Amino acid sequence: MSYSIIEIEVTQPLPTISLSNKDTGIALIWRRKNRPIGFLMKALPGSSQITPENLAQIIAQEAGTKILQEAMREELAFEHQIPFPSLTVAICTKDRPENLARCLRSLLNLQPPASEWEILVIDNAPSDERTKELVASFPQIRYVREPKPGLNFARNCALESANGELLAYLDDDVVVDQKWLEGLMEAWAENPDAAAFTGLVLPYELATDAQILFEQRGGFRRGFEKIRYGQILPGNPLHPCGSGIFGAGCNMTFRRNILFKIGGFDEALDTGATLPGGGDLDIFYRVIRADYPLVYEPKYLVFHQHRREYAKLRHQYWTWGLGFMAFVIKSYQSDPLQRSQLRRLIWWWFKDQLKQLKNSFRGRHVLPPTMILAELWGGIVGILGEYPRSLKRIQEIRRQFS
């Protein structure tokens, strides 16, 4: 299976879209004046053709209301005269120089702000010198090695090494959109009191069954509406414990002084192969619990390369369950005031997973049962002591590198 990803600018004449004989569908990204406003996946036979007239009908049905909203927003918008602070963009990486090179090139193609900015690569426990050699070929990019293995060790290394007032974190398997920086600047101008910013994540490619399946389930998408999160979220009784709604760790920015104030990233989460998750959920939750706003901005967009193989996708769902429950247990221990909410969240999660599994067995779910079972099993392992085990592991890591 392979879906072509095509971007459509709705203010320009609509094109005729022709699929190759190898395509089994199409993914359309709508933009209005370069601002992302919608996404649609549609299965189609190979060699299909979509005429401008058919495309106009699809756009009207799928994005007509959003187009009108954006036109009104543009009419009512006013210029925010708020200086943008200095910015550090940190990419934490391990042994993936090809991915890193692609990410760095996309960043260097941006128009930097008038204020200070820098790009920082954190090389996490590398097995060779390839990443260091790659960064050396970009004289404008700074290289730092973090020997302690684990993503949150690398994230905290970036926190200590950065110079910017804002610290943006990117995964090495993303490519930033041409308006990524403008999106962050816009979010800052509209919310200068916010402590954290997250953005839209769309697929970089849909070339395999696993990538298409992941995106059909929703991928990393959080929608195309600006959202400002605070202490209360009407209609969500589990807020802020279900912190997966806030965004994804592959595309997030923080005020650096606030990260220091709340203690940085928990190094017992996102520790590598044993617990490869939970770090972003935890930091989003702690920002909100510290009574700081967190803002989601769709224009602050990256394209993520999803897992290409079924086995790796199944493992990813396992890590999602594992990381989520490790975060919940950590929060239950450290935040007594939220324990009743967290208990309800655990009950809701297992109930929802079993409902999804039942629907999958009946053929009413996009995922096969094996994927849902993997996430469910990860959650069971997570709730049965994974966070305390991880605390012991990182103590040993710190002793090794002290």
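Which residues touch the most other members of the largest nonpolar core? The legends below refer to a predicted model.

**Figure 1. The largest nonpolar core, viewed around Leu170.** The largest nonpolar core holds 58 residues, and the members that touch the most others are Leu107, Leu170 and Trp180. In soluble globular proteins, nonpolar side chains tend to be buried together. Leaving aside residues up to four places away in sequence, Leu170 touches Val89, Ala90, Ile91, Cys92, Cys103, Leu107, Val176, Trp180, Cys250, Asn251 and Val302. The contacts of Leu170 thus include Leu107 and Trp180. A second core, separate from this one, has 41 residues, including Val144, Ala195, Phe224 and Met252.

**Figure 2. The largest cavity and its lining.** The model has one cavity of 30 Å³ or more. The space in the largest cavity amounts to about 40 Å³. Its lining consists of Cys92, Leu151, Arg155, Tyr169, Leu170, Asp171, Gly249 and Met252. Helix H4 (151–161) and strand S9 (166–171) are the elements that give two or more residues to this lining. Strand S9 makes the largest contribution, with three residues. By class, the lining of the largest cavity comprises five nonpolar residues, one polar residue and two charged residues. Leu170, shown in Figure 1 with its contacts to Val89 and Cys92, among others, is one of the lining residues of the cavity. Met252, a member of the second core, also belongs to this lining.

**Figure 3. The second largest pocket.** This pocket has a volume of about 390 Å³. It is lined by 16 residues, and those nearest its centre are Phe78, Glu79, His80, Glu186 and Ala189. Helix H1 (52–76) and helix H5 (180–190) each contribute at least two residues to the lining. The largest share, six residues, is supplied by H5. The lining divides into eight nonpolar, one polar and seven charged residues.

**Figure 4. Backbone geometry at Pro240, Lys33 and Asp291.** Most residues other than glycine have a negative phi, and most peptide bonds are trans. The peptide bond from His239 to Pro240 is cis, with omega near 0 degrees. Pro240 is located in the loop between strand S12 (227–229) and strand S13 (251–255). Lys33 is not a glycine, yet has a positive phi of about 50 degrees. This lysine, Lys33, lies in the loop that runs between strand S3 (25–32) and strand S4 (35–43). Lys33 has a relative accessible area of 51% and therefore counts as exposed, the cut-off being over 50%. Asp291, likewise a residue other than glycine, has a positive phi near 70 degrees. The loop that holds Asp291 lies between helix H8 (279–289) and strand S14 (294–304). With a relative accessible area of 55%, Asp291 is exposed.

**Figure 5. The aromatic pair of Phe254 and Phe265.** The model contains 16 aromatic pairs. In the pair shown here, the ring centres of Phe254 and Phe265 are 6.0 Å apart and the ring planes stand at 90 degrees, so the arrangement is edge-to-face. The pair links distant parts of the chain, with Phe254 in strand S13 and Phe265 in the loop between helix H7 (256–261) and H8, eleven residues apart. Phe254 is buried, at 1% relative accessible area. Phe265 also counts as buried, at 2% relative accessibility.

**Figure 6. The aromatic pair of Tyr317 and Trp320, and an aromatic cluster.** Tyr317 and Trp320 form an edge-to-face pair, with 5.5 Å from centre to centre and 90 degrees between the planes. Both residues lie in helix H9 (residues 310–334), three residues apart, about one turn of the helix. Tyr317 is buried, with a relative accessible area of 0%, whereas Trp320 is partly exposed, with a relative accessible area of 30%. Trp320 falls in this class because partly exposed residues lie between the cut-offs of under 20% for buried and over 50% for exposed. In addition, ring pairs join Tyr285, Phe324, Phe327, Trp349 and Phe350 into a cluster.

Terms used: Residues are numbered from 1 along each chain as its sequence is written. This is a predicted model: local features need pLDDT of at least 70, side-chain atom pairs count only at pLDDT 80 or more; totals for chains, interfaces and linings use all residues. Side-chain values use heavy atoms; hydrogens and water are left out. A nonpolar core is a set of buried Ala, Val, Leu, Ile, Met, Phe, Trp, Tyr and Cys residues joined through side-chain atoms within 4.5 Å. Buried means under 20% relative accessible area, exposed over 50%, partly exposed in between (1.4 Å probe, protein chains only). Contact means heavy atoms within 4.5 Å. On a 1 Å grid over the protein atoms alone, a cavity is a set of points where a 1.4 Å probe fits but cannot get out, and a pocket is an open set with protein on both sides within 12 Å along at least five of seven lines; lining residues have an atom within 4 Å of a point. Grid points are joined across faces, edges and corners, and a volume is the space filled by probe spheres set on the points. Helices (H or I, at least four residues) and strands (E, at least two) are DSSP runs, numbered from the N terminus. Ala, Val, Leu, Ile, Met, Phe, Trp, Tyr, Cys and Pro count as nonpolar, Asp, Glu, Lys and Arg as charged, and the others, Gly among them, as polar. Rings of Phe, Tyr and Trp (its six-membered ring) pair if their centres lie within 6.5 Å; planes under 30 degrees apart count as stacked, over 60 as edge-to-face and the rest as tilted.
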